[in-house]
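Subject: Structure handover

Hello,

Here is the structure I promised to pass on. Please have a look, then read the notes below.

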Amino acid sequence: MYQLFIEYCQENNLEPASERTYRKIFCEEFNLSFFKPKKDICATCHRYNQLTLAEQEEQREGYDKHIQRYRDSMKAKQMDKDRSNQKEVSSVLLLTFRAYYSRKLCVYNLTVWEGKKPNDGHCFCWLEIEGKRGSNEIASCIFRWLEKLPCSINEVSLFSDTCSGKNRNQQMAAMMMWYVQRQRTSHAINIITHNF
Ligand SMILES: [Zn+2]
């Protein structure tokens, strides 16, 4: 930034302040800081970053090759970019897939544990393209779970945390209220207690 500041001063015939003064003013008189953009990294880089320094040292050679491949691909991209920019009207077109398409697809999971037997869990999974992760989705999962209970059950006691986005909300209460009030032939659940 200081380099850019000097260029700006030169272009506008101004005397630039010293780097020290520039730094002092930047740090003390402006409420500014640098933002490091978040970047999705590949599985290899992620694994490597999790290693201890000693382990990293051990795997350095392979990792360096990985980084070299990355640099080579960036170079190849730059070359094609230059080729496509060479002339005003170019016959070469460069296409780059941007971050959105390489972003990881989110999978949501709600797990319900039944108290009767140990390890009796039910996982409700959906993708971010199929639904959000709000109270409607959670209520739908619990609804599905209630529907699948055996006919012999007529009372259900639920325990959950007090997360209002997930459990303690109108949608959930309304779903359960409706569930016990509606006329059904196959199920006979008439009491649902939701404990927080
Ligand atoms: Zn990588």
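The radius of gyration of the chain is 29 Å. A compact globule of 196 residues would have one near 16 Å. Please keep in mind that this is a predicted model. The C-alpha trace spans about 85 × 50 × 45 Å along its principal axes.

One pair of residues gives a feel for these distances. Glu15 and Gln170 are 155 residues apart along the chain. Their C-alpha atoms are separated by 65 Å. Where is Glu15 to be found? Look in the loop between helix H1 (2-11) and helix H2 (19-29). Glu15 is exposed there, at 75% relative accessible area.

Next, the secondary structure. The chain has eight helices and four strands. Along the sequence their order is α-α-α-α-α-α-β-β-α-β-α-β. The pattern thus opens with a run of helices, and it ends on a strand.

Now burial and contacts. Of the 196 residues, 21% count as buried. The chain exposes about 16,600 Å². Carbon and sulfur atoms supply 53% of that area. For contacts, take the ones between residues at least 6 apart in sequence. Of these, 44% join residues at least 24 apart.

On charge, there are 29 positive side chains and 24 negative ones. The centres of the two sets lie 6 Å apart.

Last, the cysteines. How many disulfides are there in the chain? The count is zero, with a disulfide taken as two cysteine sulfur atoms within 2.5 Å. Cys123 is in no disulfide. The nearest cysteine sulfur to Cys123 belongs to Cys125, and it is 5.5 Å away. Why is Cys141 not bonded to Cys125? The closest cysteine sulfur to that of Cys141 is in Cys125, but at 8.8 Å it is too far for a bond.

Is each of these two cysteines, Cys123 and Cys141, buried or exposed? Cys123 counts as exposed, at 51% relative accessibility. That value clears the cut-off, because exposed means over 50%. Cys141 is buried, with a relative accessible area of 8%. Here the limit is under 20%, so Cys141 falls within it.

If you open the model, Glu15 in its loop between helix H1 and helix H2 is a good place to begin. Then go to Cys123 and its neighbour in the sulfur search, Cys125.

Best wishes

Note on methods
Residues numbered from 1 in each chain as written. Predicted model: local features only at pLDDT ≥ 70, side-chain atom pairs only at ≥ 80, totals over all residues. Heavy atoms only, no water. Helix = DSSP H or I, 4+ residues; strand = E, 2+ residues; numbered from the N terminus. Rg over C-alpha atoms; globule rule 2.2 N^0.38 Å. Buried < 20%, exposed > 50% of the residue type's maximum accessible area, 1.4 Å probe, protein only. Contact = heavy atoms within 4.5 Å. Areas by Shrake-Rupley, 256 points an atom, 1.4 Å probe, with all protein chains shown as cover. Lys, Arg positive; Asp, Glu negative; His and termini not counted. Charge placed at Lys NZ, Arg CZ, Asp CG, Glu CD.
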